[in-house]
Amino acid sequence: MTTTSGNKTAWKHEALYTALRAEIGEALRPHDPLPSERELVARFGVSRATVRQAVGRLEEEGLVYRAQGAGTFVADPATISKSLALTSFSEDMRSRRLTPDSRLLDLTLVPAGVAVARELSLSPGAEVAHVRRLRLADGLPMCVEEVWLPTERVGELDAALVSGSLYDVLAERGVRPHHADQVISATVVDADQAALLGVAAYSPALRVDRTTYDGTGVAVERAESIYRADRYDFRITVTRRT
Ligand code: 16G
């Protein structure tokens with residue numbers, strides 16, 4: 001049962017979170033320090049725990065970052081920090097107040113190759129939709145994304161459907177990405193990717209290979225994304241085993 005004081009705490013958390021988000025968008029510049037915990041406690045009349053919760057949420061969303069011993073700072077929206085949460089490109093961009101967009105490069109039905117079939121636990125040759133898109137944020141190219149989707153599990157796709165969020169389309173069909181295995185590696189872009197991303201050939205890039213599963217452990221997507229290294233980083237918290 002939720003108590004009145006529990007409701008009050010949740011309300012205070014929400015109010016503080018909203019106020020800080022607004023401040024980050026307006027008064028504060030990238031890499032400016034966030035007001036200290038003590039200042040926020042005094043200014044908003046909330047507990048330290050509420051401050052930590054609100055700042056933690058901003059950190060999870062990549063809007064702020066912590067520097068050991070120095071405090072918490074406003075993240076640079078030009079650099080997208082991916083966290084451990086399973087998010088879509090559209091969600092990543094919107095949480096930074098950027099407008100996501102896509103340019104469709106290819107949408108074809110193809111027989112799954114050996115590697116894709118293995119990742120998706122399909123018989124080789126099973127039908128998959130191959131979707132290749134240039135993903136943009138506020139009109140700026142961010143990544144080239146190639147996705148293979150088993151049509152027997154996600155249904156048919158057309159150009160109109162993949163012009164927006166693929167994860168929204170899947171959700172509408174009752175297919176909900178739940179967890180994913182990812183391999184993040186360093187790479188350089190080839191001439192075609194360079195032209196799409198607006199960088200010089202052989203510029204550094206971040207490559208993320210993802211196999212995405214629904215809540216029952218069935219693979220629903222194999223994706224390969226090539227991110228501009230100057231616009232993306234991955235942020236994870238690692239904990240020492242005791
Ligand atoms: C992200 C995913 C990709 C997914 C896409 C859906 C990574 C490494 N990749 O780019 O697997 O297909 O989001 O985004 O995060 P959408 O819903 O905006 O189309």
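How many Å apart do the C-alpha centres of domain 1 and domain 2 lie?

**Figure 1. The whole chain and its two domains.** The answer is 32 Å between the C-alpha centres of domain 1 and domain 2. Domain 1 takes in 4–74 and domain 2 takes in 80–234, with bounds that come from an automatic or database domain assignment. What you're looking at is a predicted model, where local features need pLDDT of at least 70 and side-chain atom pairs count only at pLDDT 80 or more, while totals for chains, interfaces and linings use all residues. Residue numbers start from 1 along each chain as its sequence is written. Along the principal axes, the C-alpha atoms fill a box of roughly 60 × 50 × 45 Å. The chain has eight helices and ten strands; these are DSSP runs numbered from the N terminus, helices being H or I with at least four residues and strands being E with at least two. Of the 242 residues, 26% are buried, meaning that 20 or more other C-beta atoms, placed from the backbone, lie within 10 Å of the residue's own (exposed is 12 or fewer, partly exposed is in between).

**Figure 2. Around the ligand.** The ligand has 16 residues around it, and the closest are Ser88, Ser90, Ser165, Tyr167 and Ala223. To be in this shell, a residue needs its C-beta atom, placed from the backbone, within 6 Å of the ligand. Helices H4 (89–94) and H7 (166–172) each supply at least two shell residues, and so do strands S6 (140–150), S8 (204–213) and S9 (219–228). By type, the shell splits into seven nonpolar, five polar and four charged residues. Here Ala, Val, Leu, Ile, Met, Phe, Trp, Tyr, Cys and Pro count as nonpolar, Asp, Glu, Lys and Arg as charged, and the others, Gly among them, as polar.

**Figure 3. The largest nonpolar core.** This core has 15 residues, and Ala112, Val116, Leu120, Val128, Val147, Trp148 and Leu149 have the most contacts inside it. S5, S6, H7 and S9 are the elements that give two or more residues to this core. A nonpolar core is a set of buried Ala, Val, Leu, Ile, Met, Phe, Trp, Tyr and Cys residues joined through C-beta atoms within 7 Å. Beyond four places in sequence, valine 128 is in contact with Val110, Ala112, Val116, Trp148, Leu149, Pro150 and Thr151; contact means C-beta atoms, placed from the backbone, within 7 Å.

**Figure 4. Two alanines of strand S5.** Alanine 129 counts as buried because 20 other C-beta atoms lie within 10 Å. Setting aside neighbours within four places, alanine 129 is in contact with Leu107, Leu109, Leu149, Thr151 and Leu157. Alanine 137 sits in the same strand, residues 127–137, and is buried because it has 23 C-beta neighbours inside 10 Å. With residues up to four places away left out, alanine 137 touches Met93, Leu98, Thr99, Pro100 and Met142.

**Figure 5. Strand S7 and its partner S8.** Zero of the ten residues of S7 (179–188) are buried, so the strand lies largely in the open. S7 and S8 run antiparallel and are joined by ten bridges; strands pair if DSSP finds at least two bridges between them. Isoleucine 184 has valine 208 as its bridge partner in S8.

**Figure 6. The hairpin of S1 and S2.** Four bridges join S1 (64–67) to S2 (71–74), and the two run antiparallel. Valine 64 has valine 74 as its bridge partner in S2. Three residues lie between the strands, and glycine 69 in this hairpin takes a positive phi near 80°.

Definitions and conventions
Two residues are in contact if their C-beta atoms, placed from the backbone, lie within 7 Å.
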